[in-house]
Amino acid sequence: MEFHLPHLTTHDDGYEELSGYVAIDTNMPWPRLAITHAALHGRERFAVDEASIDISYTGSRSHKFVQLAWLENRRHSAARS
């Protein structure tokens with residue numbers, strides 16, 4: 001899955017979130033998924049064992065907003081693929 005305008009946020013309570021827009025026809029597992037590798041500009045590639053998904057449909061005909069959240073201890077380095 002490819003995020004458009006991805007944004008990674010770390011919260012003081014130990015949670016992290018990755019949010020962005022995906023194509024409206026992207027098939028999303030729900031309510032949880034594993035991230036095998038994420039590549040964000042300026043950050044080391046990472047993986048997440050289990051993330052919760054929140055999918056919001058906006059007024060857009062082409063994209064939907066997706067937010068993935070996990071406890072920061074579930075994130076680890078991912079090998080380059």
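In the predicted model, Lys64 is in contact, once neighbours within four places in sequence are left aside, with Gly20, Tyr21, Val22, Ala23, Ile24, Thr26, Met28, Ile55, Ser56 and Tyr57. Lys64 itself belongs to strand β5, and with a relative accessibility of 3% it counts as buried, because the limit for that class is under 20%. Among the residues in contact with Lys64 is Val22, and the C-alpha atoms of Lys64 and Val22 are separated by 5.6 Å although the two residues stand 42 residues apart along the chain.

The largest nonpolar core comprises 16 residues, of which Ile35, Phe46, Val66, Leu68 and Trp70 touch the most other members. Strands β2 (15-23), β3, β4 (46-56) and β5 (63-71) each supply at least two residues of this core, and the largest share, four residues, comes from β4. Phe46, one of the core residues named above, touches Leu8, Thr36, His37, Ala38, Leu40, Trp70, Arg75, His76, Ser77 and Ala78 when residues up to four places away in sequence are not counted. The contacts of Phe46 thus include Trp70, which is likewise listed among the core residues that touch the most other members.

Leu40, another residue touched by Phe46, is placed in the loop between β3 and β4. With a relative accessible area of 15%, Leu40 is buried, since this value falls under the 20% limit. Apart from residues up to four places away in sequence, Leu40 touches Pro6, Leu8, Leu18 and Phe46. For Pro6, which lies 34 residues from Leu40 along the chain, the separation of the two C-alpha atoms is 7.6 Å. Leu8 appears both in the contacts of Leu40 and in those of Phe46.

The largest pocket has a volume of about 330 Å³. Its lining consists of 15 residues, and Met1, Phe3, His37, Ala38 and Ala39 are those that lie nearest the centre of the pocket. Strand β3 (residues 32-38) provides the largest share of this lining, namely six residues. By residue class, the lining of the largest pocket divides into eleven nonpolar, two polar and two charged residues. His37 and Ala38, which are among the residues nearest the pocket centre, are also touched by Phe46.

Two salt bridges are present in the structure. In one of them, the side chains of Arg75 and Glu16 meet with an N to O distance of 2.8 Å. Arg75 lies in strand β6 (residues 75-77) and Glu16 in strand β2, so this pair ties together parts of the chain that are 59 residues apart in sequence. The two partners are described by separate accessibility classes: Arg75 is partly exposed, with a relative accessible area of 37%, whereas Glu16, at 1% relative accessibility, counts as buried. Arg75 is also among the residues that Phe46 touches.

The other salt bridge is formed by Glu50 with Arg32, whose closest N and O atoms are 2.8 Å apart. This pair links distant parts of the chain, with Glu50 in strand β4 and Arg32 in strand β3, 18 residues apart. Glu50 is partly exposed, with a relative accessible area of 32%, and Arg32 is also partly exposed, with a relative accessible area of 46%.

Two features of the backbone remain to be described. Most residues other than glycine have a negative phi, and most peptide bonds are trans. Leu5, however, has a phi near 55°, a positive value in a residue other than glycine. Leu5 is found in strand β1 (residues 4-10) and counts as exposed at 68% relative accessibility, because the limit for that class is over 50%. Leaving aside neighbours within four places in sequence, Leu5 is in contact with Ser19, Gly20 and Tyr21. Of these, Gly20 is 15 residues from Leu5 in sequence and 5.4 Å from it in space, C-alpha to C-alpha. Gly20 and Tyr21 are also included in the contacts of Lys64. The second feature is a cis peptide bond, which joins Trp30 and Pro31 with an omega of about 15°. Pro31 has its place in the loop between β2 and β3.

Terms used: Residues are numbered from 1 along each chain as its sequence is written. This is a predicted model: local features need pLDDT of at least 70, side-chain atom pairs count only at pLDDT 80 or more; totals for chains, interfaces and linings use all residues. Side-chain values use heavy atoms; hydrogens and water are left out. On a 1 Å grid over the protein atoms alone, a cavity is a set of points where a 1.4 Å probe fits but cannot get out, and a pocket is an open set with protein on both sides within 12 Å along at least five of seven lines; lining residues have an atom within 4 Å of a point. Grid points are joined across faces, edges and corners, and a volume is the space filled by probe spheres set on the points. Ala, Val, Leu, Ile, Met, Phe, Trp, Tyr, Cys and Pro count as nonpolar, Asp, Glu, Lys and Arg as charged, and the others, Gly among them, as polar. A nonpolar core is a set of buried Ala, Val, Leu, Ile, Met, Phe, Trp, Tyr and Cys residues joined through side-chain atoms within 4.5 Å. Buried means under 20% relative accessible area, exposed over 50%, partly exposed in between (1.4 Å probe, protein chains only). Contact means heavy atoms within 4.5 Å. A salt bridge is a side-chain nitrogen of Lys or Arg within 4 Å of a carboxyl oxygen of Asp or Glu.
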